[in-house]
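Trainee: I'd like to learn how to read empty space and ligand surroundings in a model. Can you walk me through it?

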Amino acid sequence: MTDVAIQVNDLRKSFKDAHVLKGVDFDVRRGEIFALLGSNGAGKTTTINILSTLLKSDGGSASVCGFDVQRQSEKVRESISLTGQFAAVDGILTGRENLVLIAKLRGVADARKTADMLLSRFGLRDAANRRADAYSGGMARRLDIAMSLVGTPAVIFLDEPTTGLDPEARLEVWKTVKELADGGTTILLTTQHLEEAERLADRIAILHGGKIIASGTLDELKKLFPPAEVEYIEKQPSLEDIFLAIVGQTGGK
Amino acid sequence: MKILHDTEVLFGRSMRHILRSPDTIITVLITPLAMMLLFVYVFGGAIRAGTGAYVNYLLPGILLIAIASGIAYTALRLFTDRQKGLFARFHSMPVARSSILWAHVLTSLVSNAISVVVIVLIALLMGFRSGAGVLEWLEVTGILALFTLALTWLAVIPGLTAKSVEGASAFAYPLIFLPFISSAFVPTATMPAVVRVFAENQPVTAIVDTVRSLLNSEPIGNEIWIALVWCVGITVVAYFFAVRAYKRIV
Ligand SMILES: Nc1ncnc2c1ncn2[C@@H]1O[C@H](COP(=O)(O)OP(=O)(O)OP(=O)(O)O)[C@@H](O)[C@H]1O
Ligand SMILES: [Mg+2]
């Protein structure tokens, strides 16, 4: 087997007469963090949904861990985990019960232990026995991501994982994503924030007008921009830097 | 087996929903209980229906009304799962697809059984008596379970296709109304011809008459077969459309 975890060739998808994906090509290597960048409505979620077997494409092909998403969808589902754009947690169950539920469905040997481990890892131990619909947006998002890590899938899709999180929680998520990739997990994430892609991704692809218009490492992409602009960005402290300085949080970097 | 295991896990989840929010059972019970009180203690004295206590006559219809309002929650729970993205989560996992629907269907059977038992107990306090033996009670349980199964699969359709919460539960209202135009409250004999034709040929009458005969140890005729055909027929047709609606979203 090759070291390609996700392969997308000429992927096409239309909703009625809205042509969303018009031939998307990219591949993601094993253990890599790959960021799919694009503005609202670019088709990021559509791409992720096709790769996670929720949606059928109209043309082209896509495979995950060597399995075709359409023809071997059951195999694909055994290899992946999806954290959708909006937190998908069972509000009536507690945080712990949510994790135990997923662990049981994934056939994890010790569901309770897995749940406890993830609760501490995501700072949800104190809230573990509270109903998830009483969680703040950020807590629900953390639980949501924790649920995706149950059973250590080989490939994880994260659709805008940090949208709606405060800077502190965002750094936590970034740290987790890095750790997962270091542990060999392949991660495909989507984002609208250049900075997030810059900080996290090994490689970046920009989805625009239904196609990938640019892709490569950050350095490769930077060459596409005029150097003056790069300097300008480096001189300015971002709002986030200022915010973090004020709250006294230096973060994971 | 994977499908049984997944169904069991997901069934445990939705049963937990019910135990966490008992209001879903209480709201289901309020209307049929209020009707039972109203009909027995207010209208009952003026209604000529058979020879025994009116509550004996009324109970089967009340049970069907309770089931018809109970299944609205199945539609609601499916709708919520869809809206909250839980369907998407389960569908992107190695979970047996049919488990997801069957878990909800089983939950509906159990929660409606709880409502039915509560209503029967209250009816006993109100003077309901039955000479039915074990076999008759088993038959009654079977018919009510089949009726619940039929309406539950019917409820799965709006649960999977509705665009709003209201849409997901509104379909139950006509079902709750059906027993009024049947032999559930009064015998059909006094109804005007058109109404009577409808009343005598709709499923509720056959089911109510069968259950009533079984509970009162009266001889049952063809009614039981008509009742069974209705229940099985509705189940098959509703299942077909429910699975089709489900295929469209997975
Ligand atoms: N089920 C659907 N039916 C019809 N149109 C759809 C459907 N899903 C997505 N679309 C359309 O496809 C386009 C791409 O949507 P998609 O959700 O993939 O974008 P996105 O890049 O994830 O955007 P965002 O950043 O806002 O999440 C949008 O124009 C959207 O309206
Ligand atoms: Mg999106």
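Mentor: We'll go through the cavities and then ligand 1. This is a predicted model, where local features need pLDDT of at least 70, side-chain atom pairs count only at pLDDT 80 or more, and totals for chains, interfaces and linings use all residues. Residues are numbered from 1 along each chain as its sequence is written, chains are lettered from A and ligands numbered from 1 in the order in which they are written, and side-chain values use heavy atoms, with hydrogens and water left out.

Trainee: How many cavities of 30 Å³ or more are there?

Mentor: Rolling a probe the size of a water molecule over the atoms shows where empty space is left. A cavity is a set of points, on a 1 Å grid over the protein atoms alone, where a 1.4 Å probe fits but cannot get out; lining residues have an atom within 4 Å of a point. Here the count is 2. The largest holds about 60 Å³, a volume being the space filled by probe spheres set on grid points joined across faces, edges and corners. Its lining includes B:Tyr73, B:Arg77 and B:Asn112. The second largest cavity has about 40 Å³, and B:Asp81 and B:His104 are among the residues lining it.

Trainee: Which residues are closest to ligand 1?

Mentor: Count a residue as near if one of its heavy atoms lies within 4 Å. Of the 13 around ligand 1, the closest are A:Gly41, A:Lys44, A:Thr45, A:Thr46 and A:Gln85. For polar contacts, look for N or O pairs within 3.5 Å: a polar side-chain atom of A:Thr46 is 2.5 Å from a ligand 1 oxygen, and a backbone N or O atom of A:Gly41 is 2.8 Å from an oxygen of ligand 1.

Terms used. On a 1 Å grid over the protein atoms alone, a cavity is a set of points where a 1.4 Å probe fits but cannot get out, and a pocket is an open set with protein on both sides within 12 Å along at least five of seven lines; lining residues have an atom within 4 Å of a point. A polar contact is a pair of N or O atoms within 3.5 Å; within protein, one must be able to donate a hydrogen and the other to accept it, and residues adjacent in sequence count only if both atoms are side-chain atoms.
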